[in-house]
Amino acid sequence: FTPNPAGQMSNGFYSVNIIPMEQTHMKAFELSGISRPISVSNNWLGPQVDGFYVPGIQYLSFIYSNDINNEITQAVISAMRSCRQSFYSIGAESQFLNLVFTLDGLTEPVGNGWKHRTFIAALLSKGSASVFTSKLEKYDSLYTDVRNKLVHEGKDFYELNADPDDCCEDMFNYIKDIIELIADKVFNHRIDMETYAIGLLRDPVYIANYTAVINRVSTARRKNPQIPT
């Protein structure tokens with residue numbers, strides 16, 4: 001054991017030269033490794049917007065100018081800062097998990113399990129039942145087969161059948177899609193976003209689609225399907 005933070009370097013690694021002074025079988029050696037695997041760089045990361053066109057850029061410019069300031073805009077600012085901080089994280093696991101937590105923080109999904117998954121997928125669907133189905137299957141896979149194994153089973157990406165860069169990119173794109181939705185629908189409060197998602201989930205086509213997905217996925221995992229209401 002070495003005293004913390006002996007040999008601590010700014011890149012998250014430590015390096016200590018051990019030089020025994022007494023009679024011992026040990027010879028001098030260098031001890032080094034990663035001491036802060038879940039460290040992030042705490043920088044000022046505001047919602048800076050450049051001059052080119054992307055969906056939602058006018059809305060973001062209004063936030064930056066403080067022309068719009070409400071519950072949702074504060075959530076968007078926090079999400080953007082959190083996304084940027086994810087890319088300073090050391091290790092794909094911390095990058096991915098921070099993006100997962102960012103998406104949850106931005107949307108504050110209702111419930112857990114399939115209720116949580118269908119809520120997120122409804123927001124990502126852009127009002128299309130077919131898009132909803134594909135997003136639900138993909139998001140559930142990222143959450144169940146990647147996020148839960150990293151968090152609850154202590155796995156690393158090298159132990160999973162998933163590419164860390166692809167997983168991070170998928171989650172980052174989900175966050176961007178939610179921000180574009182907020183800009184398009186001009187939600188002012190979280191309850192507005194919740195009402196929109198629940199309205200879609202009460203559509204008979206959405207109900208049929210998520211029931212089919214849940215039954216199929218649950219059967220493959222040998223679990224009893226828990227259909228949300």
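The packing of a predicted model is described here, from its nonpolar core to selected helix residues and cysteines.

The largest nonpolar core comprises 54 residues. Val 76, Phe 96, Leu 106, Met 171 and Ile 182 have the most contacts inside it. Eight helices give two or more residues each to this core: H1 (57-64), H2 (71-86), H3 (92-107), H4 (113-124), H5 (129-152), H6 (164-185), H7 (190-201) and H8 (204-220). Helix H6 supplies the largest share, ten residues.

Ile 182 illustrates the packing within this core. Beyond residues up to four places away in sequence, Ile 182 touches Tyr 59, Ile 72, Val 76, Leu 106, Phe 187 and Met 193. Two of these partners, Val 76 and Leu 106, are themselves among the residues with the most contacts inside the core.

Phe 172 is placed in helix H6. With neighbours within four places in sequence set aside, Phe 172 is in contact with Cys 83, Phe 87 and Leu 99. Phe 172 and Val 100 are separated by 72 residues in sequence, yet their C-alpha atoms are 8.6 Å apart.

Two charged residues in helices were also examined. Asp 177 belongs to helix H6. Its relative accessible area is 17%. That value is under the 20% limit, so Asp 177 counts as buried. Outside the four-place sequence window, Asp 177 touches Leu 124, Lys 126 and Lys 135.

Arg 190 lies in helix H7. Arg 190 has a relative accessible area of 17% and is therefore classed as buried, the limit being 20%. Leaving aside neighbours within four places in sequence, Arg 190 is in contact with Glu 71, Ile 72, Ala 75, Gly 105, Leu 106, Thr 107 and Glu 108. Ile 72 and Leu 106 are contacted by Arg 190 and also by Ile 182.

The cysteines were considered last. The search of the whole structure returned zero disulfides. A disulfide is a covalent bond between the sulfur atoms of two cysteines. For Cys 167, the closest cysteine sulfur is that of Cys 168, at 7.0 Å. The cut-off is 2.5 Å, so this pair is too far apart for a bond. Cys 168 gives the reciprocal result, with Cys 167 holding the closest cysteine sulfur. Both residues are nonetheless buried: the relative accessible area is 5% for Cys 167 and 8% for Cys 168.

Note on methods. Residues are numbered from 1 along each chain as its sequence is written. This is a predicted model: local features need pLDDT of at least 70, side-chain atom pairs count only at pLDDT 80 or more; totals for chains, interfaces and linings use all residues. Side-chain values use heavy atoms; hydrogens and water are left out. A nonpolar core is a set of buried Ala, Val, Leu, Ile, Met, Phe, Trp, Tyr and Cys residues joined through side-chain atoms within 4.5 Å. Buried means under 20% relative accessible area, exposed over 50%, partly exposed in between (1.4 Å probe, protein chains only). Helices (H or I, at least four residues) and strands (E, at least two) are DSSP runs, numbered from the N terminus. Contact means heavy atoms within 4.5 Å.
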